[in-house]
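Student: Please take a close look at a single part of this model with me. I would like one connected account of that part and of how it fits in with the rest.

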Amino acid sequence: MDFIFIEGMLVDAHVGIYPRERSAAQALEINMTFGVPDAAAERDDIADTISYDLVVDRIREVLAQRQFNLLETLGEFVVALMFEEFNAPWVRVSIAKPGVLRNVRRVGVYIERGRNGDGPPAAGALQMGMPRS
C-alpha cells in the first residue's frame, strides 16, 4: 500500500462543548495519512489514486457546515468520510486545537483505522506524515 499525507491543514470548525467554543468557529490543525492503491504509482494515472486537493476541499466544506461536540467525533467523521467517499483502505488523522490552554501549544486526538478492521501498516511503512503515538 502506498500513502498520501497532508500536514498542517488549517481549517475553521465548530467544535466544542463549552459556550465559548460553540459561539464561533475555532482554528484547527489537521494532519492525515491515508492509503492509496499501488496501481496509482504503477500506471502513473490520477484516476487510480485519491486526489489530496479534493480531500482538503471536502473536509473544509463539511466542517464549515457541521457542529461537533468532541474532537474524537470529528475525527471519526473524517475517517468515515475517507472510507465512504474516497474509498481509502486505511486512514490516520490527527486533529488539534492550537492555543486553547495556557502554556500548552495544542491539544488534540489521533485516530487510526483500517477499512475492514485492518491494523496499521507494517512497522516502518510510514516514514512521513504523523508521528506514531
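**A hairpin and the sheet behind it**

Tutor: Let us begin at the hairpin formed by strand 4 and strand 5, where 2 residues lie between the strands and Asn103, in the turn, has a positive phi of about 60°. Helices (H or I, at least four residues) and strands (E, at least two) are DSSP runs, numbered from the N terminus, and two strands are said to pair if DSSP finds at least two bridges between them. The model is a predicted one, in which local features need pLDDT of at least 70 and side-chain atom pairs count only at pLDDT 80 or more, while totals for chains, interfaces and linings use all residues. Residues are numbered from 1 along each chain as its sequence is written, and side-chain values use heavy atoms, with hydrogens and water left out.

The two arms of the hairpin are antiparallel and are joined by 10 bridges; one example is Arg92, whose bridge partner in strand 5 is Glu112. The hairpin belongs to an open sheet of 5 strands with mixed pairing, in the order 3-1-2-4-5. Strand 5 (104–114) is an edge strand, as is strand 3 (67–68), and each of these pairs on one side only. Further into the sheet, strand 1 (residues 2–15) and strand 2 (residues 26–36) run antiparallel and share 10 bridges, with Asp2 finding its bridge partner, Val36, in strand 2. Helix 3 (residues 52–65) packs on this sheet and touches strand 1, strand 2 and strand 3, and its direction makes about 20° with that of strand 1; such axes are lines fitted to C-alpha atoms, for helices over the stretch in contact, and the angles run from 0 to 180 degrees between N-to-C directions.

It helps to place this in the whole chain, which has 4 helices and 5 strands and whose elements run β-α-β-α-α-β-α-β-β from the N terminus on. If we call heavy atoms within 4.5 Å a contact, then residues 24 or more positions apart account for 63% of the chain's contacts with a separation of 6 or more.

Now return to strand 4 (90–101), which helix 4 (residues 71–86) crosses along with strand 1, strand 2, strand 3 and strand 5, running at about 40° to strand 5. The expected span of a helix is 1.5 Å times one less than its number of residues, so the 16 residues of helix 4 should span 22 Å, and this agrees with the 21 Å between its end C-alpha atoms. Buried means under 20% relative accessible area, exposed over 50%, and partly exposed in between (1.4 Å probe, protein chains only). Among the buried residues of helix 4 are Leu71, Leu74, Val78, Met82 and Phe86. An α-helix has 3.6 residues a turn, so residues three or four places apart point the same way. The cover over the buried residues of helix 4 includes strand 4 and strand 5, as well as strand 1, strand 2, helix 3 and strand 3. By contrast, Glu84, in helix 4, is exposed, with a relative accessible area of 68%. After helix 4 comes Asn87, whose phi is positive, near 60°.

Within strand 4 itself, two side chains deserve attention. Lys97, in strand 4, counts as buried at 7% relative accessibility. Leaving aside neighbours within four places in sequence, Lys97 is in contact with residues that include Val15, Glu21, Leu28, Leu71 and Arg105.

The other is Trp90, which takes part in one of the structure's 2 aromatic pairs. Rings of Phe, Tyr and Trp (its six-membered ring) pair if their centres lie within 6.5 Å, and planes under 30 degrees apart count as stacked, over 60 as edge-to-face and the rest as tilted. The rings of Phe3 and Trp90 have centres 5.5 Å apart and planes at 80°, so this pair is edge-to-face. Because Phe3 lies in strand 1 and Trp90 in strand 4, the pair ties together parts that are 87 residues apart in sequence. Trp90 is buried, at 1% relative accessibility, whereas Phe3 is partly exposed at 21%. Phe68 and Phe77 make a tilted pair, 5.5 Å centre to centre with 55° between the planes; here Phe68 is buried at 3% and Phe77 is partly exposed at 24%.
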